[in-house]
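Colleague: I have this model open and would like a close look at a single part of it, the aromatic side chains. Could you walk me through how the rings pair up, and then add whatever else in the backbone or on the surface deserves a glance?

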Amino acid sequence: MKKYLLPIFAAILAIAASCSKENKPEEQAKPAEFAVLLPDDLEEIELNYEQQDKKLKFEWETGESLSYELLLSLSEDLTSPVTKSLDASGKDALTHADLDAVLGELGVKAYHAAEVFWAIRATGENGSTISETRSMKLLRFMAPFKDPRDGEVYRVTRIVDAVTGQAYVWLADNLRAKKYTDGTEIPADDIRFSEPAEDADDYHKEWCRLRGAYYSWNATVRETAKASAGETVQGIAPDGWHIPTREEWIFLINNQPDNTNPAASMRSKEYWDAAMTVECNNACGFNVVSTGYIWTITAGHDIIEGEKWASFWTSTEPKAGDVIPWNPSPADFPSQACVYSFSPADNGIAYYVYQKDRGYNVRCVLND
C-alpha cells in the first residue's frame with residue numbers, strides 16, 4: 001500500500017509548487033546600465049554672467065518607465081551631491097545661472113573655479129543605476145562685486161596666464177571706500193574725490209564717479225608695518241580682497257592680450273582726453289579711466305592732469321636694486337612706495353616710486 005502512496009504524495013507536492021510559482025510575482029531587475037552622451041568629459045566652462053540663460057546640454061540613453069536625476073559633487077565618488085531632476089526624454093539642460101547656483105551649494109567661493117564630478121541616476125520601481133562618472137571644470141560668474149560696507153558696486157575681471165593657468169581676479173573699477181571694514185573712517189587728509197562741476201553733463205558726472213577715491217599710501221595699506229615686511233595687506237580693500245603687490249601688477253601687465261602694448265588693453269574706451277592718440281581698446285576689461293593725481297594729498301592740493309594720467313598704488317615699498325626710470329636715491333625709499341602709471345604718451349605702463357603722501361587711485365585683488 002505504501003508504494004502507491006509515494007507517487008501520489010510527490011504529485012501533490014509538484015502541483016503545490018507549481019501553484020505557488022504561478023501566484024508569486026516575478027522579480028524585476030534594477031534599470032540596466034546606460035551611456036551618457038553629453039556633455040563631453042573634462043569640459044572647461046567659464047559661466048557667463050552676461051548670458052545667464054545660456055544652456056549646457058545633457059543627453060543620455062533612456063529606458064521605459066524610468067525617472068532620471070543629475071548628481072553633481074566635488075568628490076569623484078559623488079559624496080554629498082547636489083541633485084537636479086531631469087526630463088525622462090534623455091535630453092535636458094542647465095542654464096549658466098543654474099550651474100553657478102550649484103557651485104554655490106557645493107561651497108565653491110565666488111569668482112573661483114572647481115572640478116565638478118557628475119553622473120546621471122536612473123530610477124525604476126525596483127532600484128536605481130548610476131551612469132559613468134564624468135567631470136567638468138566650471139568657473140563661477142564674474143559678477144559685479146557689492147561692497148557690504150557701503151553698497152558700492154564694482155566690475156571685476158579675471159587675468160590668466162595662458163601657459164601656467166595661474167589667475168588673479170581684480171576689481172575692474174577704482175575703489176571708492178570711505179571706511180575700513182571695521183567701520184573706522186579714513187582720515188580726511190588721506191582721501192579725496194573728484195567732484196563734478198555744477199553744470200557737468202551726465203558723461204562728466206560718470207567720469208568723476210569712475211575716478212573713485214584718491215588715497216595716500218598710508219591710508220591705502222593701513223597696516224604699514226606688514227606692508228614694509230612684504231606681507232599681503234588688506235588695508236582699505238573689502239573683506240576677502242587685498243591691496244595688490246608690485247608682483248601682482250607685473251603679472252597683470254605681462255598677461256595682457258598684447259603685452260607689447262598693455263595699457264591699450266587696460267584703458268577704458270572712454271573717459272580720456274579726446275586729443276590723445278594712444279590706443280584704448282579695454283580688451284581685458286580692466287576699465288582704466290584718466291584720473292590724474294594729487295601732488296600732496298595731505299596738504300590739500302588739487303587734482304592735476306585729470307584727463308591724461310592714471311596712477312595706482314601698490315602695497316610694495318622700493319628696495320635697493322630695483323630698476324626705476326630715473327634712479328631715485330635709496331635714501332628716500334623710507335618715504336616712498338611703488339606706483340604704476342598710465343601715460344598719455346604711449347601704451348606702456350610705467351613703474352615709479354613716489355612719496356607716500358601723494359594721492360593715487362587703488363585697485364584690489366581677490367584673496368586665494
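Modeller: Happy to; what follows goes from the ring pairs to the backbone and then to a charged patch. Please keep in mind that this is a predicted model.

The structure holds 23 aromatic pairs. A good one to start with is formed by tyrosine 168 and phenylalanine 251, which meet edge-to-face, at 4.7 Å centre to centre and with 75° between the planes. Tyrosine 168 belongs to strand 13 (residues 167–171) and phenylalanine 251 to helix 6 (residues 246–254), so this contact ties together parts that are 83 residues apart in sequence. Both tyrosine 168 and phenylalanine 251 are buried.

Now turn to tryptophan 326 and tyrosine 354. Their ring centres are 5.8 Å apart and their planes make an angle of 35°, so this pair counts as tilted. It links distant parts of the chain, 28 residues apart: tryptophan 326 sits in the loop between strand 19 (310–313) and strand 20 (336–342), while tyrosine 354 is in strand 21 (residues 349–355). How accessible are the two partners? Tryptophan 326 is partly exposed because its relative accessibility is 42%, whereas tyrosine 354, at 18%, counts as buried.

Ring pairs also build a cluster, which links Trp170, Trp249, Phe286, Phe312, Tyr340, Phe342 and Tyr351.

For the backbone, have a look at the loop between helix 7 (262–266) and strand 17 (293–294), where tyrosine 271 is placed. Phi of tyrosine 271 is near 65°, a positive value in a residue other than glycine. Tyrosine 271 has a relative accessible area of 11%, so it is buried. Asparagine 282 is found in the loop between helix 7 and strand 17 too, and it has a positive phi of about 55° although it is not a glycine. With a relative accessible area of 18%, asparagine 282 is buried.

Another backbone detail is the peptide bond from leucine 38 to proline 39, which is cis, with omega near -5°. Proline 39 has its place in the loop between strand 1 (36–38) and strand 2 (43–46).

Finally, the surface carries a patch of negative charge in which Asp40, Asp41, Glu76, Asp77 and Glu115 gather. One of these residues, glutamate 115, lies in strand 7 (residues 113–124). Its relative accessibility is 41%, so glutamate 115 counts as partly exposed.

How values were computed
Residues are numbered from 1 along each chain as its sequence is written. This is a predicted model: local features need pLDDT of at least 70, side-chain atom pairs count only at pLDDT 80 or more; totals for chains, interfaces and linings use all residues. Side-chain values use heavy atoms; hydrogens and water are left out. Patches are made of residues with over 30% relative accessible area and no salt bridge: like charges are joined within 9 Å, nonpolar side chains (Val, Leu, Ile, Met, Phe, Trp, Tyr) within 5 Å. Accessible areas come from the Shrake-Rupley method with a 1.4 Å probe; for residues, only the protein chains shown count as cover. A salt bridge is a side-chain nitrogen of Lys or Arg within 4 Å of a carboxyl oxygen of Asp or Glu. Lys and Arg count as positive and Asp and Glu as negative; His and the chain ends are not counted. The place of a charge is taken as NZ of Lys, CZ of Arg, CG of Asp or CD of Glu. Helices (H or I, at least four residues) and strands (E, at least two) are DSSP runs, numbered from the N terminus. Buried means under 20% relative accessible area, exposed over 50%, partly exposed in between (1.4 Å probe, protein chains only). Rings of Phe, Tyr and Trp (its six-membered ring) pair if their centres lie within 6.5 Å; planes under 30 degrees apart count as stacked, over 60 as edge-to-face and the rest as tilted.
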